[in-house]
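Work through the following exercises with the structure open beside you. Try each task before you read its solution.

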Amino acid sequence: MKASVIVFPGSNCDRDAAVALRAVSGKAPRMVWHGDSALPESDLIVLPGGFSYGDYLRSGAMAAHSPIMREVIEAARKGVPVLGICNGFQVLTETGLLPGALMRNASLKFTCRDVHVRQERSGLFTPDAMTGRVLRLPIAHKDGNYFADDETLERLEGEGLIAYRYCEADGAVTMAANPNGSRRNIAGIYDKSGRILGMMPHPERAADPLLGGIDGRNLFESVLANLH
Amino acid sequence: MKARITVTLKGGVLDPQGKAIANAVEALGISGVNDVRQGKFIEVSLAETDPARAREIVERMCRELLANPVMENYRYELEGG
């Protein structure tokens, strides 16, 4: 796997993502600086979590316009898979590669804890066997409140583009299990092509038993298996 | 010229920060506040002196960066020359 992890000033999960990718593929990804204007040949691009550009203006807004993102958008349009985690999800919505926006949490609080999410569909990053299953993954964000207008939400539902929803440990999707006010408990979505995934929970922080869980590992294994 | 740009949340988009401000206002003992919506104010100094061209520049920066059309509206005033 030739994976590239994009590093913005303020990214702080780039190395976690690299460790997870290396653990499943045996190969270290390239770390690509935001100011670079050339993207190495990649069969997977990861936009990591963190606080790119200090979250100035809106989370992900500045990163969406950084030089490397022109290359990432171009590669994504050609079908190179892109995974955006947390701040990476915010960047993907700001570029328009994914619909909607991530607003301030309804609680107004930075929330850092494990949550349960239900995998809603199979796909490049979401293995068949896990569909309908509940994963325990960490979240750590203040702007994870997924918003899209009703028409967009209907389209996401209709086209089966919702990848994960916040849920109870038993898989029930309830308001109480929604940590940030996201519409329809959305925790992650695919784009129409099924090759771009954005999610607020951190699979890379749950990819090794030492980290307290391995529920995030299947995502990386899945994309590796599907790319080969 | 100067552009004074205001970015606001679209109607119908929940504004938890506005709500928190409304609660704090009430805690001050000020009553009669029905709703608070929080936005952003951005002041930009432009080298451009032609109002029509300045408008084009400001439109573009609002559309492509300063406001997120998914959830925000913008408006602006131009001043000086």
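## Exercise 1: A hairpin and its turn

S10(A) and S11(A) form a hairpin with 5 residues between them, and Gly194(A) in the turn has a positive phi of about 75 degrees. The model is a predicted one.

**Task.** Find how many bridges join S10(A) to S11(A), and decide whether Ser193(A) is buried or exposed.

**Solution.** Begin with the strands themselves: S10(A) and S11(A) run antiparallel and are joined by 3 bridges. Within this pairing, Gly188(A) has Met199(A) in S11(A) as its bridge partner. Next, go to the loop between strand S10 (186-190) and S11 of chain A, where Ser193(A) lies. A residue counts as exposed if 12 or fewer other C-beta atoms lie within 10 Å of its own. Ser193(A) has 12 C-beta neighbours inside 10 Å and therefore counts as exposed. Finally, look across from this loop to Leu161(A), which is 32 residues away from Ser193(A) along the chain, while their C-alpha atoms are separated by 9.3 Å.

## Exercise 2: From strand to strand

**Task.** Trace the pairings of S3(A), S4(A) and S11(A), and state in which sense S4(A) and S11(A) pair.

**Solution.** Take S3(A) as the starting point. Strand S1 (residues 3-7) of chain A pairs with S3(A) in the parallel sense over 3 bridges, and Ser4(A) stands opposite Ile45(A) in S3(A). S3(A) also pairs with S4(A), again in the parallel sense and over 3 bridges, with Val46(A) opposite Leu83(A) in S4(A). The connection comes next: S3(A), H2(A) and S4(A) make a right-handed β-α-β unit.

From S4(A), step on to S11(A), with which S4(A) pairs in the parallel sense over 4 bridges. Here the bridge partner of Val82(A) is Ile196(A) in S11(A).

The last step concerns the side chains. In S3(A), Leu44(A) and Val46(A) point one way and Ile45(A) and Leu47(A) the other, and all are buried. In S11(A), Ile196(A) and Gly198(A) point one way whereas Leu197(A) and Met199(A) point the other way, and these too are all buried.

## Exercise 3: A covered helix

**Task.** Determine how many residues of helix H3 (residues 87-95) of chain A are buried, and which elements are included in what covers them.

**Solution.** First count the buried positions: H3(A) is mostly covered, with 9 of its 9 residues buried. Among them are Phe89(A), Val91(A) and Leu92(A), but also Asn87(A), Gln90(A) and Glu94(A). Then list the neighbours, for the cover of these residues includes strand S3 (44-47), helix H2 (67-77), strand S4 (82-85), strand S5 (101-103) and strand S11 (196-199) of chain A. To finish, move past the end of the helix, where H3(A) is followed by Gly96(A), with a positive phi near 85 degrees.

## Exercise 4: Positive phi without glycine

**Task.** Locate Leu108(A) and Arg184(A), and classify the exposure of Leu108(A) and of Arg184(A).

**Solution.** Recall the background before turning to the two residues: most residues other than glycine have a negative phi. Leu108(A), although not a glycine, has a positive phi of about 65 degrees, and its place is in the loop between S5 and strand S6 (111-119) of chain A. Because 13 other C-beta atoms lie within 10 Å, Leu108(A) is partly exposed.

Arg184(A) is likewise not a glycine and has a positive phi of about 50 degrees; this residue is found in the loop between strand S9 (162-167) and S10 of chain A. Arg184(A) has 14 C-beta neighbours inside 10 Å, so it counts as partly exposed.

## Exercise 5: The whole chain and its partner

**Task.** Does the radius of gyration of chain A agree or disagree with that of a compact globule, and how many residues of chain B are in contact with chain A?

**Solution.** Chain A has 5 helices and 11 strands. For its 228 residues a compact globule would have a radius of gyration near 17 Å, and because chain A has 16 Å, the two agree. Buried residues make up 53% of the chain A residues.

For the partner, 8 residues of chain B are in contact with 12 residues of chain A. On the chain B side, helix H1 (residues 16-27) of chain B gives the largest share, 3 residues. By type, that side divides into 6 nonpolar, 2 polar and no charged residues.

Key:
Residues numbered from 1 in each chain as written. Chains lettered and ligands numbered in written order. Predicted model: local features only at pLDDT ≥ 70, side-chain atom pairs only at ≥ 80, totals over all residues. Buried ≥ 20, exposed ≤ 12 C-beta atoms within 10 Å, placed from the backbone. Helix = DSSP H or I, 4+ residues; strand = E, 2+ residues; numbered from the N terminus. Contact = placed C-beta atoms within 7 Å. Pairing = 2+ DSSP bridges. Right-handed = clockwise from strand over helix to strand, strands pointing away. Rg over C-alpha atoms; globule rule 2.2 N^0.38 Å. Nonpolar A, V, L, I, M, F, W, Y, C, P; charged D, E, K, R; others polar.
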